[in-house]
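These are my notebook entries on one protein model. I set down what I looked up, topic by topic.

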Amino acid sequence: MTDETGTGKPEIPGSVLAELASAFGLGEVRERRYLATGLMNANWKVDTPAGVFALKRVADVPRDRLKRNLGVLASLAADGVPVSAPVATGSGSLVAEVGGGVWCLFPWAAGTHIRGVDLGLPQVTSLGAHLGRLHEGLGRACDRGLLPAVPEMLTADVTTPEQAVERSERLSAAVESKGTGSAFDAAASAALEQRRVLIGKHADRRPQDAVPMGPHGWTHGDVQYRNLLWKDGSLAAVLDWDRIGVRPYAEEVVRTAQVQFGVDGVFDFARVSAFVCGYRSVVPLEAAALVDGVRRLWWKRMTDFWQLEFHYDRGDFSCDELFTADEALLHWWTDRLGQVEDAFAEG
């Protein structure tokens, strides 16, 4: 994991840290450092007589789901997927509930977080193949009874234009009532107005079928550079297994490519194609499923405002930069929807 410290970092009370060290059998914690990389949960590097570990406080996943997800990692590691299996407490639990928080612990994994556009094309192809093997590994974990059975049919809600406009109007009102007149408030207000225009203009291009194309199964849910560690040119670890869920494989392929290679307001088509090629070398996903996945993710981005909901509904500003970046990409993507779909289909 990348060792980055940040300002305004959260602290662990000494009594809580001592109880966690006792629960996991670590001995006295000699040093702890907050890791600034990451958005939703808080992570620390802890140095102890038992070794160096990553300590994670999970805030946005129900406890039982977290336990289930962590229980899959040993199976994936045995299958050769680059993951760090969690450390169990003295009572055998993979989760410790201490000080009102939910915690898990992992052996420290050395490596660097590298943005997708900074990876070489061979690394990008390798990443695609890793994702394919990850999906296969989760399928085997399901066969072993570590995950519930996959439903035969999977449906996906398609937000209507009316629903999206209603949400955008509510948020515009929130900007007016809760905003402080900041530059972000001005950008959000303008973006919401522009989004309503885009939704009206392109509503007829939205997905029409509630059933996504292609196979589906258990997926990671958030494969992006903050959750990937590279060492000596190779993928060393896939992190953050909080969001394991059943999804169309095409959805995870397309989303991963978007967050990895949709940077600075454009898609890097060469890397998109290399990534998809790597994935399809392991999982023979049809081009039609990928095109369907692109169209569904595009419409989801068009009709989703989650970063603004974090900002104005929760008072959580940690994802503000994501909104600005995603908004730029959405406009570029909308103008070139066919080209983006072709890049995925031809990978």
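**Entry 1: terms and source.** Before placing any residue I fixed the vocabulary: helices (H or I, at least four residues) and strands (E, at least two) are DSSP runs, numbered from the N terminus. I also note that the model is predicted.

**Entry 2: a loop residue, methionine 213.** I located methionine 213 in the loop between helix H6 (183-202) and strand S6 (216-219). Is methionine 213 buried, partly exposed or exposed? I read a relative accessibility of 40% for methionine 213, so I class the residue as partly exposed; the class covers values between the buried limit of 20% and the exposed limit of 50%. Leaving aside neighbours within four places in sequence, I found methionine 213 in contact with Ala288, Ala289 and Asp292. I also looked up its distance to tyrosine 249: the two are 36 residues apart in sequence, and their C-alpha atoms are 9.5 Å apart in space.

**Entry 3: overall form.** I counted twelve helices and eleven strands in the secondary structure of the protein. I then asked what radius of gyration the protein has, and what a compact globule would have with 347 residues. The protein has 21 Å and the globule would have a value near 20 Å, so I record that the two agree. Along the principal axes, I read a span of about 60 × 50 × 35 Å for the C-alpha trace.

I looked up burial and contacts next. Buried residues make up 50% of the 347 residues. Of the contacts with a separation of 6 or more, 75% are between residues 24 or more positions apart. The protein exposes about 15,500 Å², and carbon and sulfur atoms supply 50% of that area.

**Entry 4: two buried helix residues.** I placed arginine 296 in helix H9 (residues 287-303). Its relative accessible area is 14%, under the limit of 20%, so I count arginine 296 as buried. Which residues is arginine 296 in contact with, leaving aside its neighbours within four places in sequence? I list Ala156, Val158, Pro207, Asp209, Ala210, Val211 and Pro212. I also noted a separation of 9.5 Å between the C-alpha atoms of arginine 296 and valine 254, which are 42 residues apart along the chain.

I found serine 172 in helix H5 (residues 161-178). Serine 172 has 16% relative accessibility and therefore counts as buried. With neighbours within four places in sequence left aside, serine 172 is in contact with Leu192 and Arg196.

**Entry 5: cavities.** How many cavities of 30 Å³ or more are there? I count three.

The largest cavity has a volume of about 110 Å³. I list its lining as Arg195, Gln258, Arg301, Asp304, Trp306, Gln307, Phe323, Asp326, Glu327, Leu329, Leu330 and Trp333. Helix H10 (306-314) and helix H11 (320-335) each supply at least two of these residues, and H11 gives the largest share, with six. By class I sorted the lining of the largest cavity into five nonpolar, two polar and five charged residues.

For the second largest cavity I read a volume of about 40 Å³. Leu127, His130, Leu131, Leu134, Val223, Leu228, Leu235 and Val238 line this second cavity. Helix H4 (121-143) and strand S8 (234-238) each provide at least two residues of that lining; H4 gives the most, four residues. I sorted the lining of the second largest cavity into seven nonpolar residues and one polar residue, with no charged residues.

**Entry 6: positive phi.** I looked up two aspartates for their backbone angles. Phi of aspartate 232 is near 55°, a positive value in a residue other than glycine. I placed aspartate 232 in the loop between strand S7 (228-231) and S8. At 76% relative accessibility, over the limit of 50%, aspartate 232 counts as exposed.

Where does aspartate 264 lie? I found aspartate 264 in the loop between strand S10 (262-263) and strand S11 (266-267). Its phi is about 60°, again positive although aspartate 264 is not a glycine. I count aspartate 264 as exposed because its relative accessibility is 68%.

Note on methods: Residues are numbered from 1 along each chain as its sequence is written. This is a predicted model: local features need pLDDT of at least 70, side-chain atom pairs count only at pLDDT 80 or more; totals for chains, interfaces and linings use all residues. Side-chain values use heavy atoms; hydrogens and water are left out. On a 1 Å grid over the protein atoms alone, a cavity is a set of points where a 1.4 Å probe fits but cannot get out, and a pocket is an open set with protein on both sides within 12 Å along at least five of seven lines; lining residues have an atom within 4 Å of a point. Grid points are joined across faces, edges and corners, and a volume is the space filled by probe spheres set on the points. Ala, Val, Leu, Ile, Met, Phe, Trp, Tyr, Cys and Pro count as nonpolar, Asp, Glu, Lys and Arg as charged, and the others, Gly among them, as polar. The radius of gyration is taken over C-alpha atoms; the globule rule is 2.2 Å times the number of residues to the power 0.38. Buried means under 20% relative accessible area, exposed over 50%, partly exposed in between (1.4 Å probe, protein chains only). Contact means heavy atoms within 4.5 Å. Accessible areas come from the Shrake-Rupley method with a 1.4 Å probe; for residues, only the protein chains shown count as cover.
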